[in-house]
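Hi,

Here is the structure I promised to pass on to you. Have a look at it first, and then read my notes below.

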Amino acid sequence: MFDVIIVGGGPTGLFLACELRLAGVRPLVLERRAEPDLSDKAHGLAGQVVRLLDNRGLFERCGGRGAPAPAPGLFFGGMPLPLRVLGEENPMYLLPVNQRDLERVLHERAAELGAEVRRGWDVLSFDQTDDRVDVVARGSDGTETTFTARYLVGCDGGRSLIRKRAGIAFSGVSDDNVVDRTALIGPSDRFRFTPGGRVVIDGLGEIPAMFHRTERGVFTLLAHDPERPLVNTAEWEDHPAGDFPGTGAPMTLTEMEESVERVLGVRLPLAPPPEGAPTLLRRLCGRNFRLADRYRAGRVFIAGDAAHVSHGPTLNEALQDAANLAWKLAAALRGWAPEGLLDSYETERRASGERVLMHTRAATALMAPGGDVTALRRLFAELLERAENVHMVAALMAGAAVRHDMGEEHPAAPTGWFVPPVDLTTGDGRTRRLAELLRDARPLLLDLTGGNDLAATAASWSDRVRRVTATADDSPAPALLIRPDGYVAWAGGDPDSLKSALTRWFSPG
Ligand SMILES: Cc1cc2nc3c(=O)[nH]c(=O)nc-3n(C[C@H](O)[C@H](O)[C@H](O)COP(=O)(O)OP(=O)(O)OC[C@H]3O[C@@H](n4cnc5c(N)ncnc54)[C@H](O)[C@@H]3O)c2cc1C
């Protein structure tokens, strides 16, 4: 019997497998695809997930350099978000990693940690009893096999079979009237990029290169790679986008040109990328914004796109789901999960999913054509002149806008929030970043008091909670209790309140 069966070997399933292995339990990942998915999806990670990956030593493996640095600026609803004004309070981090590379890194890491990932297994059904879940899957040779585990997690994407079979509704909306088109093109003398993120287009003049909004839609031209710029349009149709003539056929460069012409009002001839360079022609009809009514049904859980889909930083949510769930499942399997710990996965992560649905729908609405939206954007631009509003939007986009219930808030430390970056000198005299102490995904008591009071209290939890003594110039509190998912469960210096927090999260010692 396995500890946990994970259905789906996408980013959520693979990261969950890594987290479970770190927590010492035995997962089995069943993935339908025989080979990795090489289709073009996310081009980067945005938000708190970047720091989560850093905590696990995966930031640099995914192409990041050194330590994550806050992003200087971003867009919300196609409007510039001046993150620089936030200084040290800036919660937004970016990691420009392609989803293919992310999945490769996670797959390699899962293998290093000894997680079993079986490709070519299509999960067909499951049954759960009081103490186990039986999962029926068909292998690539057509034979059906039943696998058994104590828990099942559906990381099987937006159309999740696990969610449907668990009877969990997927509530929300499908905005059928938007169609997004994207193409990689070749260089051209019909447009040239100018300083300040702008582009001059023949016959039109100078416009913002990103999210240029007109009365027909939104236009973006990016030149991350000058040899193959990326062009994107979003158009709002007055009929379901799927009914748009030709949407059943593969997308063409001519279709992209026609879309650009509708949005900009000028014809911009588009050439394919140079021979041998990667190509991309993508049409997405409609946008889905949906959230599962529940994240748990008995021994069955859902995470990632299986639990929420939106037009936004969904990977940020997905990997944070996995980190939140893994240590709680491990605690249940090892017999020290306090009452309600497993249910707190849904309480904490669904609250975050709700916020994502709200802000991604709002961002889409802010880009739509029409005079009312123009007025709304003016108001929004004025609101964004205030740093506190920029912070609110940035925290929403970063998936850092939901405080988890950790009891009373500490006056200076972020209890209930993701731990801030802290530079430390540990007992062995080494200088380290706090992230480097979180690689093993164990609960951590960071003791900066220099005394022994907390050590005596924490001793009874030494099998579950690692205590590290250090000094730091910039710690928000004399000691921090950090959960494996990076959230601060307690802060202070008082042994009695530490004991309560340890008991609450890790059972009596
Ligand atoms: C074009 C595009 C662009 C995107 N851009 C971004 C972006 O910029 N930023 C961002 O954050 N997100 C983006 N996303 C969304 C992002 O790709 C998803 O959020 C992410 O893939 C979710 O990961 P997941 O592991 O939860 O689900 P998936 O990646 O869908 O993985 C689910 C896995 O489960 C497997 N599976 C399904 N059913 C079964 C079954 N019955 N048995 C066995 N295996 C099964 C599937 O084969 C798949 O491998 C984009 C998506 C698309 C399509």
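Let's start with the aromatic rings: searching the whole structure turns up eleven aromatic pairs. One of them is made by F301 and Y345, and it is an edge-to-face pair, with 6.1 Å from centre to centre and 65° between the planes. Those two values are there because a pair of aromatic rings is described by the distance of the centres and the angle of the planes. F301 sits in strand β20 (residues 300-302) and Y345 in helix α7 (residues 341-367), so this pair ties together parts that are 44 residues apart in sequence. Keep in mind as you read that this is a predicted model.

Next, the ligand. There are 27 residues around the ligand, and the ones that come nearest are T12, E31, Q99, D305 and T314. Which elements supply at least two residues each to the shell around the ligand? They are α1 (11-22), β2 (27-31), β8 (122-128) and α6. Sorted by class, the shell is made up of nine nonpolar, nine polar and nine charged residues.

Some of the contacts are worth finding on your screen:

- E31: an N or O atom in the side chain is 2.7 Å from an oxygen atom of the ligand.
- R32: here a backbone N or O atom lies 3.0 Å from a nitrogen atom of the ligand.
- D122: an N or O atom in the side chain is 3.4 Å from a nitrogen atom of the ligand.

How much of the ligand does the protein bury? On its own the ligand exposes 1,000 Å², and the protein buries 80% of that.

Now for the empty space. Rolling a probe the size of a water molecule over the atoms shows where empty space is left. The second largest pocket holds about 1,000 Å³ of space. It is lined by 37 residues, and R51, E88, N90, P420 and P421 are the closest to its centre. Two elements, α2 (49-55) and α9 (387-397), give two or more residues to this lining. The largest share, four residues, comes from α9. By class, the lining of the second largest pocket splits into 24 nonpolar, five polar and eight charged residues.

There are closed spaces too: the structure holds four cavities of 30 Å³ or more. The largest cavity has a volume of about 50 Å³. Its lining consists of L52, Q320, A323, N324, R349, H404, F418, D485 and Y487. Which helix gives the largest share of that lining? Helix α6 (residues 314-334) does, with three residues. In the lining of the largest cavity you'll find four nonpolar, three polar and two charged residues. You've met helix α6 already, as one of the elements in the shell around the ligand.

Have fun exploring!

Terms used. Residues numbered from 1 in each chain as written. Predicted model: local features only at pLDDT ≥ 70, side-chain atom pairs only at ≥ 80, totals over all residues. Heavy atoms only, no water. 1 Å grid on protein atoms, 1.4 Å probe; cavity = no way out; pocket = protein on both sides within 12 Å on 5 of 7 lines; lining within 4 Å. Points joined across faces, edges and corners; volume = space filled by probe spheres on them. Nonpolar A, V, L, I, M, F, W, Y, C, P; charged D, E, K, R; others polar. Near = heavy atom within 4 Å. Polar contact = N/O pair within 3.5 Å; in protein donor to acceptor, adjacent residues only side chain to side chain. Areas by Shrake-Rupley, 256 points an atom, 1.4 Å probe, with all protein chains shown as cover. Phe/Tyr/Trp six-rings, centres within 6.5 Å; stacked < 30°, edge-to-face > 60°.
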